Amino acid sequence: QLDFVGINYYFTRYITNFRQNNPDKPLNDMGWYMEPSGIEPAIKNIWRKYKKPIVISENGLADAKDIHRKWWLEENMHAISSALSDGADVIGYLHWSLLDNFEWAYGWWPKFGLISVDRGNMQRTVRESAKYYSELIHKSML
């Protein structure tokens, strides 16, 4: 028996006639089509099927220049909030990843972290999107 269901959500993929049919943009650094609102139907479908609490166990994007991450976070939070309003029981959200990490299939080049890591000297730098995420969290707690 499940205690909760975890959802990992990084991109949306549209399939037509057995072929990928995504719009050309926006794309993250991995070339994945970004549609953060797509998490909402995923949550709703999982909720309808399992009726178990949901944890967003990984959610994020590769964005070395930190151009899209604020938008991604805000749109995901809106989509999750909407799913909650419709009755889904989302009990947690984990952004992927706190730090830039080693991606087993791609190495060090994709930058997924809220905090950048300079691999030369291991210095960490908090990205602007991390500060924005902190503000989103603070506002939601008021």
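This is a short tutorial dialogue on reading a predicted model.

Student: Let's start with the sheet. Which strands belong to it, and in what order?

Tutor: The general idea is that strands of a sheet pair through backbone hydrogen bonds, either parallel or antiparallel. In this predicted model, the order is E1-E4-E5, an open sheet of 3 strands with parallel pairing. E1 and E5 are the edge strands, each with a single partner, so one side of each has no neighbour in the sheet. From one strand to the next, the twist averages 20°.

Student: How many bridges hold E1 and E4 together in the pairing?

Tutor: There are 5 bridges, in the parallel sense, between E1 and strand E4, residues 54–59. If you want a spot to look at, find Asn 8, which stands opposite Glu 58 in E4.

Student: Which residues of E1 are on the covered face, and which on the uncovered one?

Tutor: Start from the rule: in a regular strand the side chains alternate between the two faces of the sheet. Now take E1, residues 5–9: Val 5, Ile 7 and Tyr 9 make up the covered face, while Gly 6 and Asn 8 are on the uncovered one. That puts Asn 8, the residue opposite Glu 58, on the uncovered face.

Student: What lies across the strands?

Tutor: Helix H2 does: it lies across E1, E4 and E5, and runs at about 170° to E5.

Student: H2 also packs on H3, so to speak. At what angle do the axes of H2 and H3 cross?

Tutor: Two packed helices are described by the angle between their axes and the distance between the axes. For H2 (residues 69–85) and H3 (residues 128–141), the axes cross at roughly 25° and come within 9 Å. Angles under 35 degrees count as roughly parallel, and therefore H2 and H3 are roughly parallel to each other. Their crossing is right-handed.

Student: Which residues meet in the contact of H2 with H3?

Tutor: On the H2 side you'll find Arg 69, Lys 70, Leu 73, Glu 74 and Met 77. They meet Glu 128, Ser 129, Tyr 132, Tyr 133 and Leu 136 in H3. By class, that contact has 5 nonpolar, 1 polar and 4 charged residues.

Student: And just ahead of that, where does His 68 lie, and which residues does His 68 touch?

Tutor: His 68 is in the loop between E4 and H2. Leaving out residues up to four places away in sequence, His 68 touches Leu 27, Met 34, Leu 61 and Asp 63. Its relative accessibility is 24%, so His 68 counts as partly exposed. As for Tyr 133, 65 residues away along the chain, its C-alpha atom is 13 Å from that of His 68.

Student: Now backbone geometry. Which peptide bonds are cis, and where is phi positive?

Tutor: Most residues other than glycine have a negative phi, and most peptide bonds are trans. Here, a cis bond joins Lys 25 and Pro 26, with omega about 5°; Pro 26 lies in the loop between strand E3 and helix H1. Another cis bond runs from Trp 96 to Ser 97, with omega near 15°, and Ser 97 sits in the loop between E5 and E6. For positive phi, look at Lys 51, near 50°, in the loop between H1 and E4. Met 122 has a positive phi too, about 65°, and lies in the loop between E6 and strand E7.

Student: Is Met 122 buried or partly exposed?

Tutor: Partly exposed, because its relative accessibility is 38%.

Note on methods: Residues numbered from 1 in each chain as written. Predicted model: local features only at pLDDT ≥ 70, side-chain atom pairs only at ≥ 80, totals over all residues. Heavy atoms only, no water. Buried < 20%, exposed > 50% of the residue type's maximum accessible area, 1.4 Å probe, protein only. Helix = DSSP H or I, 4+ residues; strand = E, 2+ residues; numbered from the N terminus. Pairing = 2+ DSSP bridges. Axes fitted to C-alpha atoms, helices over the stretch in contact; angles between N-to-C directions. Parallel < 35°, antiparallel > 145°, perpendicular 65-115°, else oblique. Left-handed = near helix turned anticlockwise from the far one by under 90°. Contact = heavy atoms within 4.5 Å. Nonpolar A, V, L, I, M, F, W, Y, C, P; charged D, E, K, R; others polar.
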